Amino acid sequence: MAICPIKAIVIAILSALAHIQIVQSRIHSSSDHLHQALIRKSSIMLEPYIHQLNNLKIVLASSSPRRSQLLKSIGLKFEVIPSNFDESSVSVSKFKNYGDFVSELAYKKAMEVSDRLREENIDVDLIIGADTIVAINEMVLGKPKDEEEAKEFLTKLSGNTHSVLTGVAILSKGRNSRFSNQTEVTFSKLTPEVIAAYIKTGEPLDKAGAYGIQGKGGSLIEKVSGDPFNVVGFPLSAFCTHLIQDVLPHDNLKHVLNN
Ligand SMILES: *[C@@H]1O[C@H](CO)[C@@H](O)[C@H](O)[C@H]1NC(C)=O
């Protein structure tokens, strides 16, 4: 008995839809795997020190969930105490470059937490401060204050290359470390429709430069030159290097570490 043509068409459409769903779920899980693989790969640098580091009381002076996640991915155990430092009290014009500016912000954020803990007689070993800015054509873009400003930022970034700078400060009982790391990011040309759709997701509003590379914003980016984790909000490689070379060997913690 022949299947009537309409039934055949319906069956064809249904099986095509089922196929699309399977492909979508494969794409989804493979990007999860990619994410997991990136995270696993990044946990190796501190491996020889992780046992000693985990004997220390470490504080992350930042409320960014991305930073927490990245630092956890390298095996660090820490407590989050967001800084109350007012970033608008530091003017970029006083610095000779953006790197100095953003590492000063990171330092001030960490110092505010350090002062507060000292007042409360709470003893910690390391305090990590960080701040990320986006710089394009002599302009610094922080977090957009509303959707209108997010649109302005994304329009500036569209079709251009900008710099992402993260400043990091590591305060310890011995030697402190502060540095910045820079990554160049090139955006595709974005139509007003794409910008509007992206803003509607809500993702741009809590992020410097009004985008997140690790989220839906990933598809807006054509090219990254430098540490991609820096664009997420924390330069893992440079952090590990500075921690191992600048802080650990000169810290009063040394005797603690050797116990
Ligand atoms: C960023 O960090 C990486 C890894 O430590 C380093 O090789 C690179 O030179 C740094 N880049 C800048 C611009 O600071």
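1. A residue counts as exposed if 12 or fewer other C-beta atoms lie within 10 Å of its own, and as buried if 20 or more do. Asn 137 has 7 other C-beta atoms within 10 Å, so Asn 137 is exposed. Keep that cut-off in mind for the loop residues below. The model is predicted.

2. Start with the overall make-up. The protein has 9 helices and 7 strands. Of its 259 residues, 32% count as buried. Contacts reach far along the chain. Taking contacts between residues at least 6 apart in sequence, 71% join residues at least 24 apart.

3. Now the loop between S3 and S4. Asn 137 sits there, and so does Glu 138. Asn 137 takes a positive phi of about 45° and is not a glycine. Glu 138 is not a glycine either, and has a positive phi of about 65°. Is Glu 138 buried or exposed? Glu 138 is exposed, because 7 other C-beta atoms lie within 10 Å.

4. Next, the loop between strand S4 (139-141) and helix H5 (147-157). Lys 145 is placed in this loop. Lys 145 counts as exposed because it has 9 C-beta neighbours inside 10 Å. Asp 146 is found in the loop between S4 and H5 too. Its count is 10 other C-beta atoms within 10 Å, so Asp 146 is exposed.

5. Both of these loop residues can be placed against distant parts of the sequence. Lys 145 and Ala 210 are 65 residues apart along the chain, and their C-alpha atoms are separated by 9.6 Å. Asp 146 and Pro 204 are 58 residues apart along the chain, with 9.4 Å between their C-alpha atoms.

6. Helix H4 (residues 98-119) passes a simple length check. At 1.5 Å a residue, its 22 residues should span 32 Å. The end C-alpha atoms are 32 Å apart, so the two figures agree. Just after H4, Asn 121 takes a positive phi of about 55°.

7. H4 has a list of buried residues worth marking on the model. They include Phe 101, Val 102, Leu 105, Ala 106, Tyr 107, Ala 110 and Val 113. Lys 108 and Lys 109 are also among the buried residues of H4. What lies over them? The cover includes strand S1 (58-60), strand S3 (126-136), S5 and S6.

8. The largest nonpolar core has 53 residues. Which of them touch the most other members? They are Ala 106, Ala 110, Ile 127, Ile 128, Leu 154 and Phe 234. Two of these names, Ala 106 and Ala 110, also appear among the buried residues of H4.

9. Ile 127 links back to H4. Leaving aside neighbours within four places in sequence, Ile 127 is in contact with Ala 110, Val 113 and Ser 114, among others. Ala 110, Val 113 and Ser 114 are buried residues of H4. Other contacts of Ile 127 include Val 59, Ala 61 and Leu 171.

10. Strand pairing comes next, with S6 on both counts. Strand S5 (residues 161-172) and S6 run antiparallel and are joined by 10 bridges. S5 and S6 form a hairpin, with 4 residues between them. Ile 170 has Ser 177 in S6 as its bridge partner.

11. S6 also pairs with strand S7 (residues 221-225). These two run antiparallel, joined by 4 bridges. The bridge partner of Phe 187 in S7 is Ile 221. How many of the 5 residues of S7 are buried? The count is 0, so to speak of S7 as hardly covered is fair, because a buried residue needs 20 or more other C-beta atoms within 10 Å.

12. Last, the ligand. Asn 181, Gln 182, Asp 227, Pro 235, Ser 237, Ala 238 and Thr 241 are the residues around the ligand. Strand S6 (177-187) and helix H8 (236-247) are the elements that give two or more residues to this shell. Which gives the most to the shell? H8 does, with 3 residues. By type, the shell divides into 2 nonpolar, 4 polar and 1 charged.

How values were computed: Residues are numbered from 1 along each chain as its sequence is written. This is a predicted model: local features need pLDDT of at least 70, side-chain atom pairs count only at pLDDT 80 or more; totals for chains, interfaces and linings use all residues. A residue is near a molecule or strand if its C-beta atom, placed from the backbone, lies within 6 Å of it. Ala, Val, Leu, Ile, Met, Phe, Trp, Tyr, Cys and Pro count as nonpolar, Asp, Glu, Lys and Arg as charged, and the others, Gly among them, as polar. A nonpolar core is a set of buried Ala, Val, Leu, Ile, Met, Phe, Trp, Tyr and Cys residues joined through C-beta atoms within 7 Å. Two residues are in contact if their C-beta atoms, placed from the backbone, lie within 7 Å. Two strands pair if DSSP finds at least two bridges between them. The expected span of a helix is 1.5 Å times one less than its number of residues.
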